[in-house]
Amino acid sequence: MARSLVIKVTAGADAPERCNQAFTVAAAALASGVPVSLWLTGESSWFALPGRAKEFQLPHAAPLSELLDAVLAGGRVTLCTQCAARRNITADDVIEGVRIAGAPTFVEEILQDGVQALVY
């Protein structure tokens, strides 16, 4: 069975290098043919909203909006249910292709055979 990657990113503009690294790894894995599920939690939750990734800046890094677009095109992007609720983000607010799901879904994904989970 082929391996897949589940990446949980907890950092946003508060820790830009860690945040960008998670998105970069997700996009690179997809480009290599690895199935990817990217989870937006904590401060990265804001990137589920239209235009927010374009506002993110990190010198010498790929634009976050391009990395997010790549993951949306080839993988799955999930916004944490509790994180969304704490920020008053609803399903009507998020970018097309982003789903909202909680811990049971995350646990189900990471416990499948052949899955590697990373947390940034």
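**Figure 1. The lining of the largest pocket draws on strands S1 and S2.** Strands S1 and S2 each supply at least two residues of the lining of the largest pocket in this structure, which is a predicted model. The largest share of that lining, 3 residues, comes from S1. The pocket has a volume of about 150 Å³. Its lining is formed by Ser4, Leu5, Val6, Pro35, Val36, Ser37, Arg76, Glu109, Gln112 and Val115. Two of these lining residues, Arg76 and Glu109, appear again in the view of the salt-bridge network, where Glu109 forms a salt bridge with Arg76.

**Figure 2. Leu79 is a buried residue of strand S3.** Strand S3 covers residues 76-80, and Leu79 is part of it. The relative accessible area of Leu79 is 0%, and Leu79 is therefore classed as buried. Which residues does Leu79 touch, not counting those up to four places away in sequence? They are Leu40, Ser45, Ala48, Ala84, Ile89, Val94, Val98, Arg99, Ile100 and Ala101. The C-alpha atoms of Leu79 and Gln21 are separated by 18 Å, and these two residues are 58 residues apart along the chain.

**Figure 3. Leu79 belongs to the largest nonpolar core.** This core has 31 residues, and the members that touch the most other members are Phe23, Leu38, Leu40 and Leu79. At least two core residues come from each of strand S1 (4-9), helix H1 (16-31), strand S2 (36-40), helix H3 (64-74) and strand S3. Helix H1 provides the largest share of the core, namely 7 residues. A second core of 5 residues is separate, and its members include Val6, Trp39, Ala101 and Val115. As a general background to this view, nonpolar side chains tend to be buried together in soluble globular proteins.

**Figure 4. A salt bridge joins Arg87 and Glu43.** The structure has 3 salt bridges in total, and this view presents one of them, in which the side chains of Arg87 and Glu43 meet at a distance of 3.1 Å from N to O. Arg87 is located in the loop between helix H4 (81-86) and strand S4 (98-101), while Glu43 is located in the loop between S2 and helix H2 (52-55), so the salt bridge ties together parts that are 44 residues apart in sequence. Are the two partners buried or partly exposed? Arg87 has 16% relative accessibility and counts as buried, whereas Glu43, with a relative accessible area of 34%, is partly exposed.

**Figure 5. Arg76, Arg99 and Glu109 form one salt-bridge network.** In the salt bridge between Glu109 and Arg76, the closest N and O atoms are 3.1 Å apart. This pair links distant parts of the chain, with Glu109 in helix H5 (residues 103-110) and Arg76 in strand S3, 33 residues apart. Glu109 also forms a salt bridge with Arg99, and here the closest N and O atoms are 2.3 Å apart. Arg99 lies in strand S4 and Glu109 in helix H5, so this second pair ties together parts that are 10 residues apart in sequence. Shared partners join Arg76, Arg99 and Glu109 into one network. Within the network, Glu109 is buried, with a relative accessible area of 7%. Arg76 is partly exposed, with a relative accessible area of 40%, and Arg99 is partly exposed at 27% relative accessibility.

**Figure 6. Cys80 and Cys83 do not form a disulfide.** The number of disulfides in the structure is 0. Cys80 takes part in no disulfide, although the sulfur of Cys83, the nearest cysteine sulfur, is 3.1 Å away. Why is there no bond between the sulfur of Cys83 and that of Cys80? The separation of 3.1 Å is too far for a bond, because a disulfide requires the two sulfur atoms to be within 2.5 Å. Cys80 counts as buried at 15% relative accessibility, and Cys83 is buried with a relative accessible area of 6%.

**Figure 7. Ser65 is a buried residue of helix H3.** The position of Ser65 is in helix H3. Its relative accessible area is 15%, and Ser65 is therefore buried. Apart from its neighbours within four places in sequence, Ser65 is in contact with Ala53 and Lys54.

Technical notes
Residues are numbered from 1 along each chain as its sequence is written. This is a predicted model: local features need pLDDT of at least 70, side-chain atom pairs count only at pLDDT 80 or more; totals for chains, interfaces and linings use all residues. Side-chain values use heavy atoms; hydrogens and water are left out. Helices (H or I, at least four residues) and strands (E, at least two) are DSSP runs, numbered from the N terminus. Buried means under 20% relative accessible area, exposed over 50%, partly exposed in between (1.4 Å probe, protein chains only). Contact means heavy atoms within 4.5 Å. A nonpolar core is a set of buried Ala, Val, Leu, Ile, Met, Phe, Trp, Tyr and Cys residues joined through side-chain atoms within 4.5 Å. A salt bridge is a side-chain nitrogen of Lys or Arg within 4 Å of a carboxyl oxygen of Asp or Glu. On a 1 Å grid over the protein atoms alone, a cavity is a set of points where a 1.4 Å probe fits but cannot get out, and a pocket is an open set with protein on both sides within 12 Å along at least five of seven lines; lining residues have an atom within 4 Å of a point. Grid points are joined across faces, edges and corners, and a volume is the space filled by probe spheres set on the points.
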